[in-house]
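Got a few minutes to poke at a fold with me? Pull up the coordinates and we'll go through charged pairs, then the sheet.

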Amino acid sequence: MIDLRSDTLTTPTEAMRQAMARAEVGDDVYAEDPTVLALQDRVAETFGHEAALFMPTGSMSNVLAVRSLVQLGQEVLCESSAHIARAELGAHGAYSGVTMRTWTHPRGHVDLDAVRALHAPDMGPFFVRTAAVSVENTHNFAGGTVLPLDLLRDLREWATGVGVGIHLDGARLWNAHVATGTPLAEYGATADVLSVCLSKGLGAPVGSVLVGDADTVAEARVWRKRMGGGMRQVGILAAAGLHALDHHVERLADDHAHARLLAEACGVDPAAVETNIVVVERPDAARFVEAAAEAGVRVATVGPRTVRLVTHLGVDRDAAERAAAALARIGAPAA
Ligand SMILES: *Cc1c(COP(=O)(O)O)cnc(C)c1O
């Protein structure tokens, strides 16, 4: 079986396991795990921010990042298919008392006109105040699309002017970096607080990192503990992240090439595939998933008519070619 359901399905390589086994560790609740500290410093510097915090999951990282910008009863604006809106099970409302309003863009892009129209300044006891805008890069449910840097810069400039914070859900920001060549610090400069995942295409078994200024990270450290996310000798996991940053970033370009191969096989324009996610529309998505499974390829639905294919570290060129051939045999939807 070639598993294309998600890039979270990677298992640690032998070299990554060795790096994990060798990791120097300490108690990270005491901020004494040298490997965690090294990872945090490295990621903060990469994105041009003061500080960073190792997090168990991207969802917890997003929750703490958003709450650093949005107080109880205020709102965050985001695209309607954003992970924070669709796939975090209401955590921002359930834990932080944050409400959301959304704009819709077929590629998940920032729509600054829509954001401006939605924006609610502080109007006392009459309207929910907009405290932040959240953007997702690459955009998962839009199909791994890359958010154009100039739009992110325009958004940041406008937001700074009106006193609104920017959260960047960068679960797959390294994919955007490799696809476009945009330095990670330039993406970092477009947000007040970021969350990035080591457990997606980078292939670490666990881990995300929250990135921001020193005060934000200090406060997130308190909330992480409060939510039960204070971890101890977790340098074993941070070592996997450091190994991934050393060895698994440039190779994301292979995943992107493999995704274009799969797109072509499914009748999707490969030019529209920007990174490692292919969205395939079929009248009966569940039937396509079954047919693919019979042909040896695991894929998953993300809607009744939508199937998502994700390439990753666990799918080499040969596997991608075999998957493409199998999917091509399933063919286009019956009329
Ligand atoms: C995977 C993902 C996250 C975080 O997910 P966890 O499973 O909680 O680590 C956040 N945002 C996006 C866009 C994602 O794809």
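**Charged pairs and a sheet**

D192 is partly exposed in this predicted model, with a relative accessible area of 27%.

Q: Which residue does the side chain of D192 meet in a salt bridge?
A: Look for a side-chain nitrogen of Lys or Arg within 4 Å of a carboxyl oxygen. For D192 the N to O distance is 2.8 Å, so the pair passes that cut-off. The partner is R156.

Q: How many residues apart in sequence are the parts that D192 and R156 tie together?
A: D192 sits in the loop between helix 9 (184-188) and strand 7 (193-197). R156 belongs to helix 7 (residues 149-162), so the pair links parts separated in sequence by 36 residues.

Q: What separates D113 and R116 along their helix?
A: These two also form a salt bridge, with the closest N and O atoms 3.6 Å apart. Both are in helix 6 (residues 112-118), three residues from each other. That makes the separation about one helical turn.

Q: Is D113 buried or exposed?
A: The cut-off for exposed is over 50% relative accessible area. R116, its salt-bridge partner, is at 44% and so counts as partly exposed. D113 comes in at 56% relative accessibility, which makes it exposed.

Q: Are D255 and R251 buried or exposed?
A: The side chains of D255 and R251 meet in a salt bridge at 2.6 Å, N to O. Buried takes under 20% relative accessible area. Both residues are buried.

Q: How many salt bridges does a search of the whole structure find?
A: The pairs discussed here include D192 with R156 and D255 with R251. Searching the whole structure gives a count of 13.

Q: Which strands stand at the edges of the sheet?
A: The sheet is open, has seven strands with mixed pairing, and runs in the order 2-8-7-6-5-3-4. An edge strand has a single partner, so one of its sides is left without a neighbour in the sheet. Those are strand 2 (51-55) and strand 4 (99-103).

Q: What does the twist average from one strand to the next?
A: Take the open sheet of seven strands again. Going from one strand to the next, the twist averages 20°.

Q: Which residue in strand 7 does G170 stand opposite?
A: Strand 6 (residues 165-170) pairs with strand 7 in the parallel sense, over four bridges. Opposite G170 in strand 7 is V196.

Q: What angle does the direction of helix 8 make with that of strand 7?
A: Helix 8 (residues 173-180) packs on the sheet and touches strand 6 and strand 7. Its direction makes an angle with that of strand 7 of about 85°.

Note on methods: Residues numbered from 1 in each chain as written. Predicted model: local features only at pLDDT ≥ 70, side-chain atom pairs only at ≥ 80, totals over all residues. Heavy atoms only, no water. Helix = DSSP H or I, 4+ residues; strand = E, 2+ residues; numbered from the N terminus. Buried < 20%, exposed > 50% of the residue type's maximum accessible area, 1.4 Å probe, protein only. Pairing = 2+ DSSP bridges. Axes fitted to C-alpha atoms, helices over the stretch in contact; angles between N-to-C directions. Contact = heavy atoms within 4.5 Å.
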